Amino acid sequence: MDAEVFRRHGHEVVDWVADYLRDVERLPVLPPVAPGQIRAQLPEAAPVGGEPMEAILRDFREIILPGVTHWNHPRFFAYFPANHSGPAILGELISAALGVNAMVWQSCPAATELEEVVMEWLRRMLQLPEDFRGSIQDSASTSTLTALVCARERMSDFTINRGGLGTQGGAGALQIYASREAHSSVEKGLRVAGFGSEHLIQVGVDSTYALDPADLERRVAADVAAGRRPCCVVATVGTTSSTAIDPLRPIVEIARRHGMWVHVDAAMAGSAAILPEMRWILDGVEGVDSLVFNPHKLLLTNFDCSAFFCRDPQALVRSMAITPEYLKTGVDPHVTNFRDWGIPLGRRFRALKLWFVLRYYGVEGLCARMREYLALAQAFRQWVDASPDFEVMAPVKLQTVCFRYNPGKSGGKSPGAEELERLNRAILDEVNRSGRLYMTQTRLGEIFCLRLSIGQTQTQREHVRQAWEAIRGTSVVSAPR
Ligand code: PLP
């Protein structure tokens with residue numbers, strides 16, 4: 001594709017993106033397609049000859065777009081927000097054009113140094129400890145896996161990397177602790193890092209669904225008494241289900257006594273700590289070893305962009321670095337080679353879009369948007385609280401509200417647990433099928449809950465209000481009883 005053809009289609013695509021972002025609200029959030037419907041419209045094999053861009057873009061609009069779930073829709077309230085912004089999209093576009101691989105400093109000095117700079121900006125914004133150093137990873141899952149490998153290596157004096165898990169001989173099994181509300185990426189990390197799921201010790205939670213330090217203490221003591229070796233605690237700041245906040249200070253205190261690594265999974269909630277009034281969620285972070293949060297969740301930086309901080313980059317390098325001849329450069333002693341700070345060798349130039357976002361909005365702009373998300377969640381919580389037949393199921397500390405329909409809330413006979421689950425599932429199915437909003441569910445303890453997660457870039461109060469009206473208007477709720 002020569003420059004002029006690229007320019008023509010580039011303009012067309014940028015125009016399309018601008019229109020899409022302006023008009024996305026008119027589309028159904030969840031596409032009304034059946035499994036296999038999109039694939040059935042596509043050829044089984046790649047075309048032998050090239051095709052014109054006109055045909056490719058037409059098929060994008062006619063075949064692919066109708067099967068897209070619109071994460072950028074202002075009434076997308078499912079899973080977690082993966083919010084975006086104009087500056088982030090433009091940064092991503094330029095990054096694609098540059099096509100650099102930021103694996104070592106020399107492979108793109110600007111990418112490495114900009115990454116160092118924006119990570120330092122984020123460190124200051126979250127008031128993380130001064131000795132924390134950050135790198136950008138693709139996901140919180142990868143960051144947590146990296147932290148688990150570091151914990152494993154530090155605990156084994158960096159011998160497992162060399163000899164494998166089997167070489168630990170009679171030494172007791174390495175145990176990892178996380179609350180039972182921790183994200184599934186923790187267990188996946190354990191599997192991949194060779195600890196084994198059985199060595200994930202699920203710690204009990206308190207009434208707010210946050211890790212109970214007394215239970216952690218008990219479980220660690222039991223393991224020590226049985227000859228097992230406490231290795232790492234993964235604390236969650238902002239659990240996926242209900243954004244519960246594990247208390248870092250007492251966790252660190254227990255971990256320190258046993259030489260454990262403390263990793264903080266703040267994938268979604270971490271961004272909120274840019275607000276001075278929310279910084280309490282990281283109280284005690286001075287004592288942790290590593291922390292991850294995803295600017296791609298609430299900081300207007302489109303997916304993927306995960307900020308991974310570590311107190312001791314040498315632990316990372318000792319766990320991760322392998323230096324074949326073809327990757328050596330003359331400046332290695334003087335520079336950061338981010339390939340040694342994580343799992344993949346190849347690394348995208350993600351710092352660019354983050355830099356665009358941080359500069360375009362400034363800290364104040366990002367704080368203002370974050371405050372709006374938190375305020376919208378509080379507004380929704382109040383509507384639920386005030387309603388005669390819906391109830392809030394967990395404290396609303398951030399931008400997520402767990403709630404359920406319960407016609408027995410204001411007296412009268414409450415349906416049994418199974419019936420309540422059936423009614424709430426029916427509400428969820430109906431609103432999602434309507435295309436007006438998209439919401440997902442969770443389970444708190446045994447209780448099935450609806451879950452509204454606020455944080456899309458364009459979401460305003462009217463959208464949250466419309467969601468509440470759509471929920472209240474479902475046949476389950478509005479049918480005469
Ligand atoms: N940890 C928590 C607390 C999360 O909420 C999520 C995503 O929802 C993850 C980890 C996984 O994040 P990622 O998709 O970046 O691996």
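Contact here means heavy atoms within 4.5 Å. With that in hand, let us walk through some close-up views of this predicted model.

**Figure 1. Helix H3 packs against helix H12.** Two packed helices are described by the angle between their axes and the distance between the axes. Here H3 covers residues 86-98 and H12 covers residues 351-386, and they pack at an angle of about 150 degrees, with axes 7 Å apart. Angles over 145 degrees count as roughly antiparallel, and H3 and H12 are therefore roughly antiparallel to each other. The crossing of H3 past H12 is right-handed. On the H3 side, look for residues including Leu 90, Glu 92, Ile 94 and Leu 98; on the H12 side, those they meet include Leu 352, Lys 353, Phe 356 and Tyr 360. The residues of this H3 and H12 contact comprise ten nonpolar, three polar and two charged ones.

**Figure 2. A network of salt bridges, with a cis peptide bond at one of its members.** Which residues are linked in this network? Glu 92, Asp 304, Arg 348, Arg 350 and Lys 353 are. Two of these names may be familiar, for Glu 92 in H3 and Lys 353 in H12 are among the residues of the helix contact. Asp 304 is worth a second look: a cis peptide bond joins Phe 303 to Asp 304, with omega about 10 degrees. You will find Asp 304 in the loop between helix H10 (295-298) and strand S8 (306-310).

**Figure 3. Three salt bridges in close-up.** The structure has 38 salt bridges, and this view picks out a few of them. In one, Arg 347 pairs with Glu 115, and their closest N and O atoms are 2.6 Å apart. Arg 347 sits in the loop between helix H11 (313-320) and H12, while Glu 115 belongs to helix H4 (residues 109-125), so this pair ties together parts that are 232 residues apart in sequence. Are Arg 347 and Glu 115 buried or exposed? Both are buried. Another salt bridge joins the side chains of Asp 340 and Arg 339, at 3.3 Å from N to O; both of these residues are buried too. Arg 22 and Asp 23 also meet through their side chains, at 2.9 Å from N to O. Arg 22 has a relative accessible area of 57%, and because over 50% counts as exposed, Arg 22 is exposed.

**Figure 4. Two loop residues with positive phi.** Neither Tyr 79 nor Phe 158 is a glycine, yet each has a positive phi. For Tyr 79, phi is near 35 degrees. Tyr 79 lies in the loop between strand S1 (76-77) and H3, and it is partly exposed, at 37% relative accessibility. For Phe 158, phi is about 60 degrees. The loop that holds Phe 158 runs between helix H5 (140-155) and helix H6 (160-163). Phe 158 is buried, with a relative accessible area of 14%.

**Figure 5. Asn 406 and its neighbours.** Where is Asn 406? Look in the loop between strand S10 (400-405) and helix H13 (417-434). Asn 406 has a relative accessible area of 5% and is buried. Leaving aside residues up to four places away in sequence, Asn 406 touches Pro 388, Asp 389, Phe 390, Glu 391, Ser 414, Pro 415 and Leu 420.

Definitions and conventions. Residues are numbered from 1 along each chain as its sequence is written. This is a predicted model: local features need pLDDT of at least 70, side-chain atom pairs count only at pLDDT 80 or more; totals for chains, interfaces and linings use all residues. Side-chain values use heavy atoms; hydrogens and water are left out. Axes are lines fitted to C-alpha atoms, for helices over the stretch in contact, and angles run from 0 to 180 degrees between N-to-C directions. Helices (H or I, at least four residues) and strands (E, at least two) are DSSP runs, numbered from the N terminus. Angles under 35 degrees count as roughly parallel, over 145 as roughly antiparallel, 65 to 115 as roughly perpendicular and the rest as oblique. A crossing is left-handed if the near helix is turned anticlockwise from the far one by less than a right angle, and right-handed if clockwise. Ala, Val, Leu, Ile, Met, Phe, Trp, Tyr, Cys and Pro count as nonpolar, Asp, Glu, Lys and Arg as charged, and the others, Gly among them, as polar. A salt bridge is a side-chain nitrogen of Lys or Arg within 4 Å of a carboxyl oxygen of Asp or Glu. Buried means under 20% relative accessible area, exposed over 50%, partly exposed in between (1.4 Å probe, protein chains only).
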